[in-house]
Amino acid sequence: MSPPGSTSTITALKTDRTPLRRLLPAALLALPALVFAQNNALTVASDLRAEAAQAARYGGPLIIMYSRADCRFCEAIRRDYLKPLTDDPRHKARLLVRQINQDSDAPLTGFRGEATTHARLAASEKIKLVPVVAFYGPNGQRLAEPIIGTRLPDFYQGYLDDAIEQSHQALKKP
């Protein structure tokens with residue numbers, strides 16, 4: 001073994017840092033993407049009964065996006081349609097948007113107050129493919145047909161607007 005400060009020790013230290021030097025620029029380039037993804041995050045559902053009641057107080061539906069961590073189409077729907085919807089002053093006070101992760105065992109309170117998980121609720125709602133955007137009333141009843149997949153991107157906003165309007169109409173019925 002070489003004594004500290006010897007040429008071979010210094011060379012070894014330089015060699016050991018080479019992978020780090022290669023990773024640092026890549027990590028710095030990835031940082032804005034991570035921050036951007038964080039800014040597009042939706043609030044994760046935790047208590048559907050309370051969240052549906054809150055949406056009802058707003059006079060609108062509880063919109064749930066069923067997603068998975070590895071779903072790039074889910075990220076597109078979240079980023080391009082649902083996150084802007086939650087930031088839009090016209091809709092902010094009229095509806096509530098939450099996310100349920102189909103691949104998560106995170107605890108969740110269901111619409112009837114029962115203890116469940118994200119994965120179990122997604123399975124009970126027969127969610128097989130994601131993304132799915134579903135529209136619920138105060139008792140967990142579906143108010144409009146869910147939007148399954150990404151459909152045609154040029155028309156997705158129209159699908160979303162139609163389902164929200166249909167949900168508002170269903171909530172007005174006695």
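Arg 78 counts as buried, because its relative accessibility is 9% and the cut-off for buried is under 20%. Bear in mind that this is a predicted model. Arg 78 sits in helix 3, which covers residues 72-87, and the helix bends there by about 40°. From that spot we can move on to the rest of helix 3, then the salt bridges, the ring pairs and a second buried arginine, Arg 98.

**How far to trust the model**

- Mean pLDDT for the protein is 84, with 78% of residues at 70 or more.
- The stretch to be wary of is residues 27-38, where pLDDT stays under 50. For that stretch the model has one contact beyond four places in sequence.

**Arg 78 and its surroundings**

- What does Arg 78 touch once its neighbours within four places in sequence are set aside? The list runs to Asn 40, Ala 41, Leu 42, Met 65, Ser 67, Lys 83, Pro 84 and Gln 99.
- Take Ser 67 from that list of contacts: Ser 67 and Arg 78 are 11 residues apart along the chain, and their C-alpha atoms are separated by 9.4 Å.
- Lys 83 is another of the contacts, and this lysine turns up again below as a salt-bridge partner of Asp 87.

**Helix 3**

- Helix 3 has 16 residues and spans 21 Å from first C-alpha to last. That is close to the 22 Å expected at 1.5 Å a residue, and the helix has its bend of about 40° at Arg 78.
- Which residues of helix 3 are buried? They are Cys 74, Ile 77, Arg 78, Tyr 81, Leu 82, Lys 83, Leu 85 and Thr 86.
- Lys 83 makes that list with a relative accessibility of 18%, so it falls under the 20% cut-off for buried.
- Asp 87, also in helix 3, is partly exposed, since its relative accessible area is 44%.

**Salt bridges**

- How many salt bridges does the structure hold? There are six, and three of them are picked out here.
- Within helix 3, the side chains of Asp 87 and Lys 83 meet at 3.8 Å, N to O. These two residues are four apart, about one turn of the helix.
- Glu 125 and Arg 142 pair up through their side chains at 2.9 Å, N to O. This one links distant parts of the chain, 17 residues apart: Glu 125 is in the loop between helix 5 (118-124) and strand 5 (132-136), while Arg 142 is in strand 6 (residues 142-148).
- Both ends of that bridge are partly exposed, with Glu 125 at 22% relative accessible area and Arg 142 at 35%.
- Asp 70 bridges to Arg 68, with the closest N and O atoms 3.2 Å apart. Asp 70 counts as exposed because its relative accessibility is 59%, whereas Arg 68 is partly exposed at 29%.

**Aromatic pairs**

- The count of aromatic pairs comes to three. One of them is Tyr 81 with Tyr 156, a tilted pair at 4.6 Å centre to centre and 40° between the planes.
- Tyr 81 belongs to helix 3 and Tyr 156 to helix 6 (residues 153-172), so this pair ties together parts that are 75 residues apart in sequence. Both tyrosines are buried.
- Phe 111 and Tyr 136 have ring centres 5.0 Å apart and planes at 40°, so they make a tilted pair as well.
- What does the Phe 111 and Tyr 136 pair tie together? Phe 111 lies in the loop between strand 3 (107-109) and strand 4 (115-117), and Tyr 136 lies in strand 5, so the pair joins parts that are 25 residues apart in sequence.
- Phe 111 is buried at 10% relative accessible area, and Tyr 136 is buried at 1%.
- There's also a cluster: ring pairs link Tyr 81, Tyr 156 and Tyr 159.

**Arg 98, another buried arginine**

- Arg 98 lies in strand 2, residues 96-101. It counts as buried because its relative accessible area is 12%.
- Not counting residues up to four places away in sequence, Arg 98 touches Thr 43, Val 44, Ala 45, Glu 51, Gln 54, Leu 62, Ile 63, Ile 64 and Met 65.
- Met 65 is in contact with Arg 78 and is also touched by Arg 98.

Technical notes
Residues numbered from 1 in each chain as written. Predicted model: local features only at pLDDT ≥ 70, side-chain atom pairs only at ≥ 80, totals over all residues. Heavy atoms only, no water. Buried < 20%, exposed > 50% of the residue type's maximum accessible area, 1.4 Å probe, protein only. Contact = heavy atoms within 4.5 Å. pLDDT = per-residue confidence, 0-100. Salt bridge = Lys/Arg side-chain N within 4 Å of Asp/Glu carboxyl O. Expected span 1.5 Å × (residues − 1). Bend = angle between axes of the 7 residues up to and from the residue. Phe/Tyr/Trp six-rings, centres within 6.5 Å; stacked < 30°, edge-to-face > 60°.
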